[in-house]
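Reader: I would like a close look at how the strands are paired and how the side chains are packed around them, with each cut-off stated. Please take it slowly and keep the geometry explicit.

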Amino acid sequence: MKWILAAGGSVCLGVVSVSCRSGSAQPLAAPIGNHDRQPILLSIRPADPLLRYVGRWDFTDPEFPRVGWQGARLEFMFEGSAASVVLDAGSATEYFRVIVDGDRAHGLRFAATPGAVSYHLATDLPSGVHRVELVKETDAGSGSTLHGLALQGFALLEPPPAAMRRIEFYGDSGVAGDSLTSERNASGWKHVGCDLSYAGIVARAFAADYHNVSISGETIAAMQTHYDRRFRDDPAPSWDFTEFPADVVVVDLGSNDIFEVGKAQVKQRYVALLDRLRAAHSDAHIVLFCSRGWSKREPANYAGDVVARYGDRNVSFATFPWLFERYHGCEYDHAGAAAYLVAHLTARLGWEAQPLDVMSGFGSGGDVANGGFEAIAPFGGFGWRYRDDPGVARVVDVARAYEGSCYLRLDAGSTVHQPNPASDGQTVTVTLRLRGASPADRLLLTIDFRDQEQGSAPLKSETRSLDVTTEWAEYTVTAVAPAAPADPVFQTRLTLTVDQGTIDVDGIVMKTE
């Protein structure tokens with residue numbers, strides 16, 4: 001299978017070329033007779049009933065539907081070998097993701113520019129039926145317009161059925177997917193994503209459709225003016241909630257409010273927003289989903305009290321540990337947050353979940369995540385910051401790995417670390433396997449303990465120097481968290497730094513008691 005994404009004035013599908021640089025798409029070739037089962041170029045209009053739309057699309061003109069919010073998608077099934085789309089991104093460059101036959105691990109992103117332009121979605125597909133999803137990853141401008149599709153093949157088929165469950169997400173930059181493809185909190189729309197954010201991961205775990213109404217910098221107060229819009233910056237046309245009767249509503253807001261008002265006012269804002277959301281989603285279960293572990297003032301410390309006092313038995317509260325440092329989360333961080341929300345909804349509603357389709361960078365049961373380095377997120381990260389350090393490499397080599405097929409190689413001066421939840425007085429024991437390039441190679445292993453304020457210095461830190469050999473050997477290091485610090489222990493951070501030489505690492509296991 002070959003996928004090609006190309007922005008430009010021409011899309012070539014077999015024998016027909018389509019040029020689309022004007023204000024509206026040029027007509028595509030119409031289908032012809034196909035008695036000999038020869039592939040043809042099919043022109044698909046946006047109003048075709050065999051196309052499935054999910055999200056807050058505006059069909060005021062059904063031949064040119066528009067959409068703004070991230071996470072909105074177009075789905076179709078066809079028998080053929082290639083597909084292209086004509087899009088006008090609107091007032092700004094927007095990013096889209098293409099998923100063919102459910103293969104999200106190899107889904108491709110492309111940048112769509114203002115003006116009606118044609119883009120390849122897939123080419124050289126094997127013969128047969130294929131499912132294509134086109135997901136809007138960003139909400140950068142005034143909204144994007146779909147002008148049409150061109151398929152090389154035999155027929156557009158019945159689309160996948162609508163999901164039986166529906167989830168609506170309201171959030172700030174975290175849910176909007178800022179810096180999703182960067183472990184270093186890089187800015188810019190090219191790093192923003194939605195399909196692999198926790199909103200998308202949770203929805204797929206429950207086989208649900210979802211909407212993602214999230215804005216970078218959003219507050220609880222500002223969401224009261226945005227929650228019912230089809231387009232972020234335009235109050236008209238407003239959204240009709242009967243078009244997507246949500247079963248679950250997730251609210252992940254409040255982190256930005258604390259820079260404007262105090263605790264009492266934040267609580268009032270929550271209540272005002274809950275009133276609006278309850279009116280809009282009369283039968284939905286509403287979850288206040290808050291992170292905890294980046295500031296002592298964060299609303300996660302008291303949002304549970306808001307829920308208790310609100311008095312609606314169909315409103316609940318859940319938290320997850322903010323282990324991203326003072327950064328936005330990347331894909332494997334979002335998978336970790338998704339695991340907490342999935343567990344909450346499973347316990348609360350009895351929903352059964354499928355395994356998450358993105359690896360989690362959160363340890364569980366007192367252990368680290370991905371201690372054997374076998375898993376990898378779609379953007380390339382593997383749960384140990386920072387994989388983009390030039391001296392850090394995840395090596396795939398079955399013959400030379402201690403276990404499995406992968407291990408980590410660190411050059412002199414390079415470092416990786418992983419944070420995990422911890423509490424007062426816990427004993428943390430780390431066992432790992434090391435191998436050096438020479439007998440003089442040395443690794444520094446640090447275990448520290450930190451409180452809820454991410455930017456604060458460690459409450460306690462211990463470093464051990466480990467001299468390694470040229471063969472795999474096992475090492476064990478133990479540290480004990482402060483028993484009763486003034487600020488409770490919130491997390492432990494395991495850091496590996498090569499003091500000398502080049503060292504391979506594998507089979508890391510952490511136990512907490």
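Author: Two strands are said to pair if DSSP finds at least two bridges between them, and the strands themselves are DSSP runs of E with at least two residues, while helices are runs of H or I with at least four, both numbered from the N terminus. The model is predicted, so that local features need pLDDT of at least 70 and side-chain atom pairs count only at pLDDT 80 or more, whereas totals for chains, interfaces and linings use all residues. Residues are numbered from 1 along each chain as its sequence is written, and side-chain values use heavy atoms, with hydrogens and water left out.

Strand β11 is a good place to begin. β11 covers residues 129–136, and 6 of its 8 residues are buried, which leaves the strand mostly covered (buried is under 20% relative accessible area, exposed is over 50%, and partly exposed lies in between, with a 1.4 Å probe and protein chains only). Strand β8 (residues 94–100) runs antiparallel to β11 and is joined to it by 5 bridges, and within this pairing Val 98 has Leu 134 of β11 as its bridge partner. Strand β7 (residues 73–88) also pairs with β11 in the antiparallel sense, here over 7 bridges, and Arg 73 stands opposite Val 135 of β11.

A separate open sheet is built from 4 strands in the order β22-β27-β24-β25, with antiparallel pairing. Its edges are β22 (415–421) and β25, and each of these has a single partner strand, so one side of each is left without a neighbour in the sheet. On average, neighbouring strands of this sheet are turned by 15° against each other, direction ignored (axes are lines fitted to C-alpha atoms, for helices over the stretch in contact, and angles between N-to-C directions run from 0 to 180 degrees). Strand β24 (residues 442–450) is joined to the antiparallel β25 by 8 bridges, and Leu 444 stands opposite Ser 465 of β25.

The packing of side chains can be followed through the largest nonpolar core, a core being a set of buried Ala, Val, Leu, Ile, Met, Phe, Trp, Tyr and Cys residues joined through side-chain atoms within 4.5 Å. This core has 70 residues, of which Ile 167, Phe 169, Tyr 198, Val 202 and Leu 341 touch the most other members. Helix α6 (residues 331–349) gives the most to the core, with 7 residues. Beyond its neighbours within four places in sequence, Ile 167 is in contact with residues including Val 202, Phe 206, Tyr 210, Phe 244, Val 248 and Trp 351, where contact means heavy atoms within 4.5 Å.

Aromatic rings need a rule of their own: rings of Phe, Tyr and Trp (its six-membered ring) pair if their centres lie within 6.5 Å, and the planes are stacked under 30 degrees, edge-to-face over 60 and tilted otherwise. By this rule there are 22 aromatic pairs. The rings of Phe 320 and Phe 324 have centres 6.4 Å apart and planes at 35°, so this pair is tilted, and both residues are buried. Tyr 407 and Trp 472, by contrast, form an edge-to-face pair, with 6.0 Å from centre to centre and 80° between the planes. This second pair links distant parts of the chain, since Tyr 407 lies in strand β21 (residues 406–410) and Trp 472 in the loop between β25 (460–467) and β26 (473–480), 65 residues apart. Tyr 407 is buried, with a relative accessible area of 1%. Ring pairs also link Phe 169, Tyr 198, Tyr 210, Phe 289, Phe 320, Trp 322, Phe 324, Tyr 340 and Phe 362 into a cluster, and two of these names, Phe 169 and Tyr 198, have already appeared in the core.

Two rings carry a charge above them, which requires NZ of Lys or CZ of Arg within 6 Å of the ring centre and within 35 degrees of the ring normal. The charged end of Arg 66 sits over the ring of Phe 231, 4.1 Å from its centre, and that of Arg 184 sits over the ring of Tyr 386, again 4.1 Å from the centre. Tyr 386 belongs to the loop between α6 and β20 (392–396), and the peptide bond leading to it from Arg 385 is cis, with omega near 5°. Phe 373 is found in that loop between α6 and β20 as well, where its phi is near 60°, a positive value in a residue other than glycine, and at 0% relative accessibility Phe 373 counts as buried.
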